[in-house]
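Biologist: I'd like to learn how to read a model like this one. Can you walk me through it?

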Amino acid sequence: MPAFGFDHSYARELPGASVAWQPAPAAAPRLLFFNDALADELGLDARALREADAAALFCGNTLPSDAQPVAQAYAGHQFGGFSPQLGDGRALLLGELIDRDGRRRDIAFKGSGRTPFSRGGDGKAAVGPMLREVLIGEAMHALGIPTTRALAVVATGEPVLRDRPLPGAVLTRVAASHLRVGSFQFFAARGDIDALRRLADYTIARHDPELAGTPDAPLALLRAVARRQAALVARWMNAGFIHGVMNTDNMTISGETIDYGPCAFLETYDPDVVFSSIDTGGRYAYGKQPAIARWNLARFAEALLPLLASADDEPAVRHAVAQAMEVIDAFPAWYDAELLRGQRAKLGLASEEAEDAALAADWLALLRAQRADFTLAWRALADASQGAEQPLRALLADPAAADAWLARWRARCARDALPADARAASLRRANPWIIPRNQRVEEALERATAGDLAPFEQLLAALRRPFDENAEFARYAEPAPAEVTACYQTFCGT
Ligand code: AMP
Ligand code: MG
């Protein structure tokens, strides 16, 4: 296969952070999905790749000549418990490409077979969960939420054994990087301060180059990551996204959403919603996500601590801990500010008033009390802004319950300079009509697993245009019956 133009800065600059490894061969590869737009962004010739044997390429049977696959090492807190060694148990980084905008992007396989980090796992992935990652990732991207994305999915032609045999697949993932909180924890847990320092330098050069060489650069890195995560989680919350497995190995340094396992979108608004079958304690419930992000950032701060002060200098350590705590303690305010920024847009407000946070909070309280569909209720504000309140009222158990809030919102809008048409248009840009509804996702994946890709492709087309009200896609905008959502469970897909 021709060269892709890969660089390998991660493997080259971070000895001990990865192991060279090869993908397992696939018996009968078949291309299920290819992301032409993303290939183009990466400067790859999508047409040529499709015409060449894309299936053989994107399952790893014939790698680009300059790929140097490695399995990355990382540690992580999973559901609160620390594992000093996790690592890529079923993933391989092929290399990095500089995209058309000059950004370095990782190209990695997921589901390409066992690695030295596989522990008890088979290193494989199934078609359903990999196409799920495509759907949710593309939906997130279309919603403007930073995310890793899928470049390709290839069915391997071999079964993988889960609770039953399922068709196997390999996904090619594109990420700003695969650096995560757990990458730092890996070296911190080993007390390998030199490697930890190299990792911090590498990370800063890659994600925060303006910090390179500044005093207190590791502390500034902590602050930058905390700010990115505050912005990211606020976007999740405003979209009704539940990640489902916010372990520290699944929290990126780049601020992209990663690891679409048991994630799902809210339908009826309720902060306590949990869909993941393994999250029995509700640790990663929708409403807990900001607090968990902060908890994860505290683990990141702990991992960075040896770079902030030398362990044998007690006053310096105390000072460093206080500085790190300042960042961790600032996180809730950063998050609140990001959340409110998004909420103002979702309320159709161009100006800022002190009472806006209360207006948004009372709106959410109304949705909760009325068991309203989160996505459609926000969307209905666009019609309400043009005088049509019926679509909103129809979503509420008691339509009159909205009276007082609507009056307040109208009065607030009247103090905002935006003309009515412009407000309605901006509301329709801030509040999606279509999200990946669980029932529709499951239906598409079931059919794809059985060999029929048409429902997957139709749903994908709808998810890529979430703000357009297109009659053709109306069925994707409908909430599932409450009984269906109440019983809905997601699985890690491992
Ligand atoms: P995740 O929950 O997907 O973030 O995965 C947590 C850890 O389990 C990571 O180290 C993964 O590489 C590993 N893992 C997940 N699924 C498998 C699998 N089928 N085989 C080997 N390792 C896996
Ligand atoms: Mg993971």
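Modeller: Sure, we'll take the ligands, then the cysteines, then a few loop residues. Keep in mind that this is a predicted model.

Biologist: Let's start with ligand 1. How many residues surround ligand 1, and which are the closest?

Modeller: Begin with the shell, then look for polar contacts. Here 18 residues surround ligand 1, with G87, G89, D122, G123 and N250 the closest. By type, the shell holds two nonpolar, eight polar and eight charged residues.

Biologist: And which protein atoms lie 2.8 Å and 3.4 Å from a nitrogen atom of ligand 1?

Modeller: Look at the backbone there. A backbone N or O atom of G123 is 2.8 Å from a nitrogen atom of the ligand, and a polar backbone atom of K124 lies 3.4 Å from a nitrogen atom of ligand 1. On the side-chain side, an N or O atom of N250 sits 3.0 Å from an oxygen atom of ligand 1. As for cover, the protein takes up 88% of the 480 Å² of accessible area that ligand 1 has on its own.

Biologist: What are the protein donors of the magnesium ion?

Modeller: For a metal, list the donor atoms and their distances. The magnesium ion is ligand 2, and its protein donors are N250 (OD1) and D259 (OD), at 2.0 to 2.2 Å. So N250 turns up again, and this residue counts as buried because its relative accessibility is 10%, under the 20% cut-off. D259 is buried as well, at 18%.

Biologist: Where is D259 found, and what is its phi?

Modeller: Some background helps: most residues other than glycine have a negative phi. D259 has a positive phi, near 70°, and is found in the loop between β10 (241-242) and β11 (264-265). R371 is another non-glycine residue with a positive phi, about 50°. R371 lies in the loop between α11 (356-369) and α12 (374-385), and is exposed at 51% relative accessible area.

Biologist: How many disulfides does a search of the whole structure find?

Modeller: Zero. You can still check individual cysteines: are C263 and C413 buried or exposed? C263 is buried, with 0% relative accessible area, and C413 counts as buried at 10%.

Biologist: What about A450: where does A450 lie?

Modeller: Try comparing sequence separation with distance in space. A450 lies in the loop between α16 (438-449) and α17 (454-463), and counts as exposed at 71% relative accessibility. A450 and G128 are 322 residues apart in sequence, with their C-alpha atoms 9.7 Å apart in space.

Definitions and conventions: Residues numbered from 1 in each chain as written. Chains lettered and ligands numbered in written order. Predicted model: local features only at pLDDT ≥ 70, side-chain atom pairs only at ≥ 80, totals over all residues. Heavy atoms only, no water. Near = heavy atom within 4 Å. Polar contact = N/O pair within 3.5 Å; in protein donor to acceptor, adjacent residues only side chain to side chain. Areas by Shrake-Rupley, 256 points an atom, 1.4 Å probe, with all protein chains shown as cover. Nonpolar A, V, L, I, M, F, W, Y, C, P; charged D, E, K, R; others polar. Donors = N, O, S within 2.8 Å, 3.2 Å for Na, K, Ca; no water. Buried < 20%, exposed > 50% of the residue type's maximum accessible area, 1.4 Å probe, protein only. Disulfide = S-S within 2.5 Å. Helix = DSSP H or I, 4+ residues; strand = E, 2+ residues; numbered from the N terminus.
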